Amino acid sequence: LNYIIGLNLTKIATILLALTIASSALYAVDFSQRNRIIAESYEAVPATTPKELNEMLEDDVELIVLDIREIEQRAEGTIPTLNKYEMTRGELEFKIMMMIEDKNTLIVSFCRDGPRGALASRTLIDMGYKNATYLQGGLKAWAVAGYKIKNGLGRVVLNTEEEF
């Protein structure tokens with residue numbers, strides 16, 4: 001009986017060791033290819049600063065603001081404009097041509113921080129959209145620049161003061 005228990009404990013220890021090694025390997029993933037693709041997108045696609053986008057919206061420039069964040073991220077709020085479409089980055093290639101037929105339309109894609117906006121705009125350019133750009137720094141940069149965000153509370157502005 002002790003032999004059988006010892007054998008089972010050895011198997012359990014071996015399995016636990018294998019799981020530990022496998023989980024450690026997850027943290028050793030090489031993200032260099034992902035980072036390279038994002039960097040190439042930043043270089044290949046023109047950026048629009050929050051200030052430039054705000055000026056275009058105030059001047060009623062004809063454009064589409066394309067929110068490509070995940071659905072649950074949209075609760076953070078959004079850029080207040082009537083000319084906005086929402087779709088996830090994964091839906092882009094499947095939906096965009098039905099939503100925006102004119103390939104000359106000015107499109108400013110945004111996400112939370114910028115990378116997915118740049119990737120989306122690069123994809124749009126690859127699909128033939130001639131005026132695709134991304135919001136530099138994403139929605140975070142928009143908020144930090146002091147521009148309004150529309151959420152469930154209405155239109156709000158980020159308070160950058162330390163005291164409330």
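Let me start with one contact: Glu-40 forms a salt bridge with Arg-122, and the closest nitrogen and oxygen atoms of the two are 3.7 Å apart. Glu-40 sits in helix 2 and Arg-122 in helix 5, which spans residues 115-126, so this pair ties together parts of the chain that are 82 residues apart in sequence. I should say at once that what we have on the screen is a predicted model, and I will keep to what can be computed from it.

Staying with this pair for a moment, Glu-40 is partly exposed, with a relative accessible area of 30%, and Arg-122 is also partly exposed, at 26%. Helix 2 covers residues 32-44 and holds Glu-43 as well, and Glu-43 is exposed, with a relative accessible area of 71%. Glu-43 and Arg-122 are 79 residues apart in sequence, while their C-alpha atoms are 9.7 Å apart in space.

To place these helices in the chain as a whole, the secondary structure comes to 6 helices and 7 strands, and from the N terminus the order of elements is α-α-β-α-β-β-α-β-α-β-α-β-β. The chain has 164 residues, of which 33% count as buried.

Now to the other salt bridges. As a reminder, side chains of opposite charge can pair when their charged atoms come close. How many salt bridges does the structure hold? There are 10 of them, and I will pick out a few.

In one of them the side chains of Arg-69 and Asp-67 meet, with a nitrogen to oxygen distance of 2.7 Å. Are these two residues buried or exposed? Both Arg-69 and Asp-67 are buried.

Another salt bridge joins Glu-86 and Arg-74, whose closest nitrogen and oxygen atoms are 3.9 Å apart. This pair links distant parts of the chain, since Glu-86 belongs to strand 3, residues 84-86, and Arg-74 to the loop between strand 2 and strand 3, with 12 residues separating them. Glu-86 is partly exposed, with a relative accessible area of 37%. Beyond single pairs, salt bridges that share partners join Asp-67, Arg-69, Glu-76 and Arg-112 into one network, and this network takes in the buried pair of Arg-69 and Asp-67 that I have just described.

Let me turn to charges on the surface, and to helix 3. Which residues gather in a patch of negative charge there? They are Glu-52, Glu-55, Glu-58, Asp-59 and Asp-60. Glu-55 lies in helix 3, residues 50-58, and is partly exposed, with a relative accessible area of 37%.

Helix 3 itself has two faces that are worth following on the model. Its buried residues are Pro-50, Leu-53, Asn-54, Met-56 and Leu-57. They cover an arc of only 160° around the axis, and therefore lie on the same side of helix 3. The face turned away from that buried side carries the exposed residues Lys-51 and Glu-58, and Glu-58 is one of the residues in the negative patch.

The last residue I want to show is Asp-60, another member of that patch, which lies in the loop between helix 3 and strand 2, the latter being residues 64-67. Asp-60 is exposed, with a relative accessible area of 68%. What is the phi of Asp-60? It is positive, at about 55°, although Asp-60 is not a glycine.

Terms used
Residues are numbered from 1 along each chain as its sequence is written. This is a predicted model: local features need pLDDT of at least 70, side-chain atom pairs count only at pLDDT 80 or more; totals for chains, interfaces and linings use all residues. Side-chain values use heavy atoms; hydrogens and water are left out. Patches are made of residues with over 30% relative accessible area and no salt bridge: like charges are joined within 9 Å, nonpolar side chains (Val, Leu, Ile, Met, Phe, Trp, Tyr) within 5 Å. Accessible areas come from the Shrake-Rupley method with a 1.4 Å probe; for residues, only the protein chains shown count as cover. A salt bridge is a side-chain nitrogen of Lys or Arg within 4 Å of a carboxyl oxygen of Asp or Glu. Lys and Arg count as positive and Asp and Glu as negative; His and the chain ends are not counted. The place of a charge is taken as NZ of Lys, CZ of Arg, CG of Asp or CD of Glu. Helices (H or I, at least four residues) and strands (E, at least two) are DSSP runs, numbered from the N terminus. Buried means under 20% relative accessible area, exposed over 50%, partly exposed in between (1.4 Å probe, protein chains only). The arc is that of the directions from the helix axis to the C-beta atoms.
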